Amino acid sequence: MNIGEAAKASGVSAKMIRYYESVGLIPPIHRTESGYRAYSESDVHMLRFIRRARDLGFAVAEIHDLLDLWRDRSRKSADVKRVALQHIQDLQRRIQELQQMSDTLQALTACCAGDERPDCPILQGLETADLSAPGAEDGAAPAQTTCCPPAR
């Protein structure tokens with residue numbers, strides 16, 4: 001099947017299929033005499049695996065490791081579980097960081113009257129964010145933000 005058919009069958013766009021081949025996530029695909037890629041059912045199966053892993057938030061490098069484990073019939077399930085557990089920890093950390101960002105934005109927007117005045121506590125909060133706060137070096141927003149100016 002051609003790349004369009006493989007994309008439709010796997011749920012992975014043709015552009016991403018070419019990208020996965022270029023970074024070595026999938027092996028070079030057999031080409032016809034005219035130079036077109038020719039995909040097998042096995043290739044489509046691998047692309048579905050990759051799509052499911054991407055849907056679960058695995059990075060390309062992690063998917064490469066998972067594919068190696070998937071292909072290795074002598075692997076230990078403990079090796080696969082270790083990768084999955086590490087990914088769960090990463091997801092939970094990212095969830096906490098996103099929750100901190102949401103909390104900070106909630107606090108900033110609660111301070112904003114949203115009226116016609118040019119004073120904007122949201123912009124002031126962004127300008128004066130405490131970058132020395134725990135987690136700030138990782139790009140996480142500070143957990144506490146006090147932006148509300150004194151009432152006028």
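A residue is described as buried when its relative accessible area is under 20%. By this criterion, Ile17 counts as buried, because its relative accessibility is 0%. The model in which this residue is examined is a predicted one. Ile17 is located in helix H2, which comprises residues 14-22. Its surroundings include residues from several parts of the sequence: even when residues up to four places away are left out, Ile17 touches Ile3, Ala6, Ala7, Ser10, Val12, Ile26, Tyr39 and Leu47. One of these, Ala7, is 10 residues from Ile17 along the chain, and the C-alpha atoms of the two are separated by 7.4 Å.

The chain as a whole contains 6 helices and 0 strands. Read from the N terminus, its elements accordingly follow the order α-α-α-α-α-α. Of its 152 residues, 27% are classed as buried. Among the contacts with a sequence separation of 6 or more, 53% are between residues 24 or more positions apart.

Helix H3 takes part in two of the helix crossings described here. This helix has 15 residues, which should span 21 Å at 1.5 Å a residue; its end C-alpha atoms are 21 Å apart, in agreement with that value. Asp43, Val44, Met46, Leu47, Phe49, Ile50 and Ala53 are the buried residues of H3. The elements that cover them include H1, H2 and H4. After H3 comes Gly57, which has a positive phi, near 90°.

The first crossing to be considered joins H3 with helix H1, which is formed by residues 3-10. The two axes come within 9 Å and cross at roughly 50°. H1 is therefore oblique to H3. The crossing of H1 and H3 is right-handed. At this crossing, Ala6, Ala9 and Ser10 of H1 meet Val44, Leu47, Arg48 and Arg51 of H3. Of the residues named from H3, Val44 and Leu47 also belong to its buried set. Leu47 is in addition one of the residues touched by Ile17 of H2, as are Ala6 and Ser10.

The second crossing involves H3, residues 41-55, and H4. The axes of these helices come within 10 Å, and the angle between them is roughly 135°. H3 and H4 are therefore also oblique to each other. Their crossing is right-handed. On the H3 side, the contacts are made by His45, Met46, Phe49, Ile50, Ala53 and Arg54. Their partners in H4 are Val60, Ile63, Leu66, Leu67, Trp70 and Arg71. Met46, Phe49, Ile50 and Ala53 in this group are buried residues of H3.

Helix H5 consists of 34 residues, from 77 to 110. The distance from its first C-alpha to its last is 49 Å, close to the 50 Å expected at 1.5 Å a residue. Val83, His87, Glu97, Thr104 and Leu108 are buried in this helix. These buried residues pack against helix H4 (60-71) and helix H6 (121-127). H4 thus appears in two settings, as it meets H3 and also packs against buried residues of H5.

An annotation in UniProt, from an unreviewed entry, places a "coiled-coil region" at residues 81-108. In the predicted model, this span is 100% helix and 0% strand. Its end C-alpha atoms lie 40 Å apart.

Terms used: Residues are numbered from 1 along each chain as its sequence is written. This is a predicted model: local features need pLDDT of at least 70, side-chain atom pairs count only at pLDDT 80 or more; totals for chains, interfaces and linings use all residues. Side-chain values use heavy atoms; hydrogens and water are left out. Helices (H or I, at least four residues) and strands (E, at least two) are DSSP runs, numbered from the N terminus. The expected span of a helix is 1.5 Å times one less than its number of residues. Buried means under 20% relative accessible area, exposed over 50%, partly exposed in between (1.4 Å probe, protein chains only). Contact means heavy atoms within 4.5 Å. UniProt positions are given in the numbering used here, feature names are shortened, and annotations may be inferred rather than shown by experiment. Axes are lines fitted to C-alpha atoms, for helices over the stretch in contact, and angles run from 0 to 180 degrees between N-to-C directions. Angles under 35 degrees count as roughly parallel, over 145 as roughly antiparallel, 65 to 115 as roughly perpendicular and the rest as oblique. A crossing is left-handed if the near helix is turned anticlockwise from the far one by less than a right angle, and right-handed if clockwise.
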